[in-house]
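Ready for some practice at reading a protein structure? Grab a pencil and work through the exercises below, checking each solution as you go.

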Amino acid sequence: MRFAALAVLLAAVVAGCGSSAPPQITVGAARTYDLAAWSPARVAAGKPTVLSFRIDQPSGAPLTRYRTGTGPHTGVHLIIVRDDLATILHYHPKPEPDGMLRQRVTFPTPGVYKVIVDTYPALSGPLRNFQLTRMMTVPGHVPHQALPPFKPVVKVDGYRFAIQGKPKLRAVQANFLTLHVTRPDGSPATFTPWFGALAHAIFFREGTLDYFHTHVCAAGASGCASVFGGSRVVGRQTKPGVLRVGVLLPVSGTWRLFLQTRIDGHVLTAPFTLNVR
Ligand SMILES: [Cu+2]
């Protein structure tokens, strides 16, 4: 699992969550960040297991210092998605002093999963974050689900997420989705910040599993906007129950949006299929 610095920098540009301005790409000696000390090699469906790993720096020393702060662009985001985009897990393991990361995880079903370690190191310079990835196969009968077509309304635990209008999304352009979110009793939902944002919008492309991540930020929140190339995208809660979600995707195709938000103490994940031209 070795990544050349060039690939890491490109990943920061095309897939970064809040990457800063495009870095200068210079070709020098290969410097790599690696996932290291990964365990366990095998996992079983439905059984809690502790994933543990660390990130080794190009020098070979473990990465121990991560970006901190109030926004979502800190530490390590561990995102695990089944390759048919039917299910997602999202954690924020706290780095231990020696750089080890440990997270209790239950893979819900057999299947092939992509594990994304979205990393925000405390470094000076243009490299704001990068992703290291690993595929994991959970043995057993794989319940492959075809991706459902775009549906504007998704219900999760009685909460209703409704996209306003029919979204016309284009690659490489900042687009916005307006969502109306109501409680089971029909009243507008109020969103409580969770991991530095009012909502997290996690995007995966069907087939290639390309990844992008934007946020809906509380008024006045710092360090919450996402940047792609020269565009900056940030969603806002415009009024109670309404989320404006920034969509900024590098390539066209069918994408799955997992919108995660905390309402009334529940963390809810609302999945949508999006067609991007
Ligand atoms: Cu996030």
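**Exercise 1.** Find out how many bridges join strand β2 to strand β3, and which way the two run.

*Solution.* Start with the ranges: β2 covers residues 33-39 and β3 covers residues 49-56. Four bridges join them, and the strands run antiparallel. They count as a pair, since two strands pair if DSSP finds at least two bridges between them. For one example, take Asp-34: its bridge partner in β3 is Asp-56.

Before you go on, two notes on the model. It is a predicted one, where local features need pLDDT of at least 70 and side-chain atom pairs count only at pLDDT 80 or more, while totals for chains, interfaces and linings use all residues. Residues are numbered from 1 along each chain as its sequence is written.

**Exercise 2.** Follow β3 to its neighbour β6 and name the residue opposite Thr-49.

*Solution.* First, β6 spans residues 101-105 and is joined to β3 by five bridges. These two strands run antiparallel. Now look across from Thr-49: you'll meet Val-105 in β6.

**Exercise 3.** Go to the loop between β2 and β3 and describe the peptide bond leading into Pro-40.

*Solution.* Pro-40 sits in that loop. The bond from Ser-39 to Pro-40 is cis, with omega near 0°.

**Exercise 4.** Decide for Leu-85, Leu-209 and Lys-155: buried, partly exposed or exposed?

*Solution.* Get the rule down first: a residue is buried if 20 or more other C-beta atoms lie within 10 Å of its own, exposed if 12 or fewer, and partly exposed in between, with C-beta atoms placed from the backbone.

- Leu-85 is in the loop between β4 (76-82) and β5 (88-91). It has 22 C-beta neighbours inside 10 Å, so it's buried. Its phi is positive, about 60°, although it is not a glycine.
- Leu-209 is in the loop between β13 (199-205) and β14 (211-217). It has 18 such neighbours inside 10 Å, so it's partly exposed. Leu-209 also has a positive phi of about 60° without being a glycine.
- Lys-155 belongs to strand β9 (residues 153-156). It has 12 other C-beta atoms within 10 Å, so it's exposed.

**Exercise 5.** Step back: how many helices and strands does the protein chain have, and what share of its residues is buried?

*Solution.* Count one helix and 20 strands; helices (H or I, at least four residues) and strands (E, at least two) are DSSP runs, numbered from the N terminus. Of the 277 residues, 35% are buried.
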